[in-house]
Each structure stands twice: as C-alpha cells, then as structure tokens.
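Please work through the exercises below with the sequence and the model at hand. Each task is followed by a stepwise solution.

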Amino acid sequence: MVGSTANLSGMPLWLLAELTYRCPLQCPYCSNPLEIASYKNELSTDDWLKVLREARKLGAMQLGLSGGEPLVRKDLELIVKEGADLGYYSNLITSGVGMDEERVVALKEAGLDHIQISFQASDKELNDFLGGTSSFQHKLDMARAVKANNYPMVLNIVIHRQNIDHIEDILKMTVELKADYVELASTQYYGWSALNVNSLLPSREQLERAESIAHAYQDQYRNKMKILYIVPDYYETRPKACMNGWGSVFLTIAPDGRALPCHAAASIPDIEFPNVKDRSINYIWNDSDAFNKFRGFGWMKDPCRTCPEKEKDFGGCRCQAFKLTGDATNADPVCSKSPHHQKLSDKVAGLQDVHQLQGAPIVFRNMSNSKSLSDNSD
Amino acid sequence: MSEDRIPEINSFFRLQWEEAQNSFVLLYPEGMVKLSQSAGEILKRINGKSSVQDIIRDLQSAFPDVDLTSDVITFINQATENGWLNR
Ligand code: SF4
Ligand code: SF4
C-alpha cells in the first residue's frame with residue numbers, strides 16, 4: 001500500500017458522515033464550503049448504510065454524524081441504528097435545532113452513544129444573532145434533555161472575536177448545565193469562516209485573557225468537567241498535525257457522496273475526489289489518487305521535506321497551505337519555517353485593533369448568500 | 001484502596017473488543033484508547049458486581065503462573081485517576 005510509512009494504523013478509524021448541508025442556523029464561522037447551495041443530490045438512506053458497513057469493515061470505530069444540521073435528515077434514526085448494530089461509537093454533532101425530547105429518547109433507543117450540542121454564546125442576544133435564528137432557549141432545554149437521558153454531556157462553543165470576551169459566562173453556563181466535557185474550539189478558517197476572518201479572528205490581547213480564564217476553570221473543575229481549549233493556529237509558529245496526516249485515520253463523506261480526507265479538502269482544486277456512489281470505500285481509502293496524494297512524506301517540498309519535525313505535524317494542513325499560498329504542497333504557513341509565514345503574521349498583525357474592526361460586515365451562512373457568492377465567481 | 005471495592009466503568013466510556021485492532025478499546029465521545037492485553041483482561045472483568053478481590057481471583061485462575069495482585073491494584077488506581085472508572 002502506498003504511504004504505509006506514515007500510516008501506522010492504515011485504517012480509517014474515524015468516519016465523519018456529513019449527512020446534509022441544510023441547516024436552520026446561519027453561523028458566520030461555519031466551516032462548510034461556500035458552495036452549500038449546489039449540493040442538491042444528497043445520498044439516499046441505502047447509500048449511507050452501505051458507507052457505514054464498508055467503513056466498519058475497514059476498521060472504522062468512531063462515527064460522527066454532522067452536517068449542516070444532521071437532524072434535518074428524517075432517516076437519522078435509521079442511520080444511527082445501523083451504526084449501533086455495526087458496533088460504532090456514534091456521535092451526533094448538532095445545534096439542537098430540530099430536536100425535541102421525544103427525538104432524544106428515540107435516538108437513544110436507536111443506539112446513539114453521544115450528543116454534542118453547540119452553543120453560539122451564553123446569552124440569548126448574542127447566541128441568536130450569531131446563529132441567525134432564535135434558538136438559545138431551545139438549546140438550553142435540549143442540553144438538559146440530553147443530560148436527563150444519560151448521554152455523556154458534551155458542549156461545543158466555537159470561539160472567535162465576537163464571543164471570546166464572554167468566555168467566563170460561557171464556562172459558567174456549561175457548569176450550570178453540568179457538562180461532562182466542554183470544547184472551546186477557536187474558529188478554523190475554512191469556508192464561511194475564512195470569508196469572515198476579519199470579523200472573527202480575536203486579538204492577541206483577547207486571546208491571552210480568554211486563555212487564562214479557561215485555565216483557571218480547567219484547574220477548578222479538574223475532576224468534574226473536562227475543558228478542552230483549542231487556540232487559533234494563526235497565532236502559533238508550528239502547525240497542527242492536521243487530521244494526523246492526510247489519509248491516515250480520517251474519512252469524511254460529504255452530503256453528495258464525495259469522499260474527502262478532511263472536511264475542508266474539497267477546497268483544494270485539481271483533485272478529483274471519488275464518490276461513494278461509484279466506488280467502494282476500500283478502493284477510495286487504499287487506492288484512489290485523492291487519498292494517496294498527500295499520504296506519507298513523498299509529496300513534500302522544502303522546508304518540510306528535510307525537516308526533522310515532519311513526522312510530528314505532517315507539514316500541517318493542506319487546505320490551509322493552499323488557501324494561504326496557492327499551492328497545497330507548500331508547508332502550512334502557520335509554520336515559522338515557511339517562506340509565507342511573514343505574510344500571515346502581517347495579516348494577523350493588521351487584525352489587532354478590535355474596535356476599529358467591530359463594524360466589519362459579517363456574511364451569514366445561508367443558501368441565498370451561497371448562491372450569490374457562486375454567481376459572482378462565475 | 002480496599003480489595004472490597006467494587007469498581008465500575010464510568011458510563012462516559014464503552015469497552016469493546018475490536019477484531020481489527022486485535023485488542024480491547026475504550027470508546028468515548030470523539031475519542032478512543034487502544035488497551036494493552038493486561039488492561040483489557042482487567043477491564044473486561046469489571047462489571048459493577050465483582051470486587052477487586054473477585055477480579056484478582058478470577059485473573060489468577062486464568063493466568064496462574066504470576067502473582068497479579070499488585071498489578072491489578074496499580075491498574076485500577078490508574079484507571080480511576082484517568083476517569084475510566086467511577087470514583
Ligand atoms: S456551524 Fe452553524 S450554520 Fe454551520 S452547520 Fe453548524 S449550526 Fe449550521
Ligand atoms: S517545516 Fe514543515 S514539517 Fe517542519 S515544522 Fe514546519 S510545517 Fe512542520
């Protein structure tokens with residue numbers, strides 16, 4: 001098999017099923033592609049069941065059900081049931097909108113292991129502004145229903161300039177909801193969030209303050225609630241080990257059936273991503289050009305090619321390398337060894353004045369914005 | 001820790017035999033741990049009914065050649081520390 005050096009397990013341990021790009025919310029930090037409106041042919045129930053079976057056979061254990069909003073799919077319970085029968089550990093990644101207590105119970109009966117609810121903020125006004133709908137109270141109710149039905153309680157809040165100064169209130173809310181696990185995930189700049197980076201990237205000062213608050217809560221709640229705080233990599237000097245390497249453990253299936261090594265990979269042009277409607281998961285994972293393209297180290301150029309750290313970070317994120325340098329085989333410019341790092345640092349430095357940027361226009365993630373954005377690019 | 005303690009797996013985690021890994025794994029929200037053979041042998045005997053003493057006795061009859069007492073106790077303490085077992 002190609003790339004077996006970096007691919008220790010050789011198995012797609014993680015299957016992320018993006019069931020749909022439809023979503024009742026409109027978060028400007030959404031990492032879905034800008035082209036959501038053009039995804040019309042969603043996979044059928046049978047297609048999804050086949051994907052689940054084939055990936056499980058290749059060793060997949062974790063099943064993420066996401067989107068968009070996965071609750072939009074009427075066949076979600078059926079998909080969950082198949083996942084449970086096959087022995088997956090299944091994670092529903094949801095905004096909570098489209099849920100009611102009955103569905104929380106029905107999903108439990110179908111064998112769902114865990115529900116992760118996302119909040120936009122800890123108060124109604126900001127939450128509902130960022131989500132573009134009135135959903136805050138409903139999210140609180142659903143978070144309580146999840147807890148009451150004995151699921152592990154995981155809350156996710158994407159952190160950015162607009163809500164980072166509320167971090168203490170956000171953490172108080174998670175304590176009050178008795179979360180077991182809290183993910184404070186700094187926005188990653190793909191898709192819609194990349195479009196909105198000027199209004200989303202926090203300043204260094206905001207970041208330092210938020211970090212110290214998050215650390216204090218981590219200490220205080222050590223044995224009760226696990227808090228994971230992911231800092232924005234634009235402020236780092238080494239990139240994240242994106243997806244543990246391309247084609248190493250992650251397999252994403254987009255709503256139309258395209259198979260991707262990470263959920264943002266479709267943003268890299270000139271790669272033909274195979275579709276589960278035409279090809280088996282076995283072929284896609286082991287033999288397709290797309291999954292072998294950046295597997296292992298053979299594709300690397302300098303500085304990564306000769307770098308002693310390449311086995312640690314795999315050269316960072318391919319999508320980010322493409323996005324910021326125009327060439328997906330470059331080092332992720334987050335890395336200070338990248339010749340493009342200075343340009344990124346300058347960009348970040350230009351985004352430090354929070355007040356000046358407060359009024360920057362925000363593009364909400366919805367179908368009509370998606371349509372007009374793709375019209376403009378034609 | 002007393003050997004009368006009845007350990008219990010934290011409901012946050014699910015223990016499962018994985019053929020493809022040829023080992024037991026612990027699965028939890030968005031994560032997994034592959035267990036060593038001895039960790040798997042101990043954890044699969046933790047059922048919320050057996051005491052530490054029962055578990056040691058059972059393991060001792062499956063693996064009669066070595067004294068496992070201190071290994072089991074160390075592991076159970078560590079697993080509790082990791083949050084895998086209820087405190
Ligand atoms: S980030 Fe917001 S808009 Fe995007 S899929 Fe999630 S809930 Fe919907
Ligand atoms: S040069 Fe490449 S491999 Fe080395 S640390 Fe930077 S991104 Fe990682």
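The three exercises that follow concern a predicted model.

**Exercise 1.** Determine how helix α2 (residues 52-62) of chain B and helix α3 (residues 69-81) of chain B pack, and which residues make the contact.

*Solution.* Step one concerns the axes: those of α2(B) and α3(B) are 10 Å apart and form an angle of about 130°. Step two classifies this angle: because about 130° falls in neither the parallel (under 35), the antiparallel (over 145) nor the perpendicular (65 to 115) range, α2(B) is oblique to α3(B). Step three gives the handedness, as α2(B) crosses α3(B) in a right-handed manner. Step four lists the residues: α2(B) contributes B:Val52, B:Ile56, B:Leu59 and B:Gln60, while α3(B) contributes B:Thr69, B:Val72, B:Ile73 and B:Ile76. By class, this contact comprises 6 nonpolar and 2 polar residues, with no charged residues.

**Exercise 2.** Establish whether A:Ser370 is buried or exposed, and what its side chain reaches.

*Solution.* First, locate A:Ser370 in helix α16 (residues 367-377) of chain A. Next, its relative accessible area is 1%; since buried means under 20%, A:Ser370 is buried. Finally, the side chain of A:Ser370 reaches the backbone oxygen of A:Leu34 at 2.6 Å. Beyond four places in sequence, A:Ser370 touches A:Leu34, A:Glu35, A:Ile36, A:Ala37 and A:Trp192.

**Exercise 3.** Describe the surroundings of A:Leu112.

*Solution.* A:Leu112 lies in the loop between α3 (101-110) and β4 (114-119) of chain A. With 3% relative accessibility, A:Leu112 is buried. Leaving aside residues up to four places away in sequence, A:Leu112 touches A:Val80, A:Ser90, A:Asn91, A:Leu92, A:Leu107 and A:Tyr151.

Technical notes. Residues are numbered from 1 along each chain as its sequence is written. Chains are lettered from A and ligands numbered from 1 in the order in which they are written. This is a predicted model: local features need pLDDT of at least 70, side-chain atom pairs count only at pLDDT 80 or more; totals for chains, interfaces and linings use all residues. Side-chain values use heavy atoms; hydrogens and water are left out. Axes are lines fitted to C-alpha atoms, for helices over the stretch in contact, and angles run from 0 to 180 degrees between N-to-C directions. Helices (H or I, at least four residues) and strands (E, at least two) are DSSP runs, numbered from the N terminus. A crossing is left-handed if the near helix is turned anticlockwise from the far one by less than a right angle, and right-handed if clockwise. Contact means heavy atoms within 4.5 Å. Ala, Val, Leu, Ile, Met, Phe, Trp, Tyr, Cys and Pro count as nonpolar, Asp, Glu, Lys and Arg as charged, and the others, Gly among them, as polar. Buried means under 20% relative accessible area, exposed over 50%, partly exposed in between (1.4 Å probe, protein chains only). A polar contact is a pair of N or O atoms within 3.5 Å; within protein, one must be able to donate a hydrogen and the other to accept it, and residues adjacent in sequence count only if both atoms are side-chain atoms.
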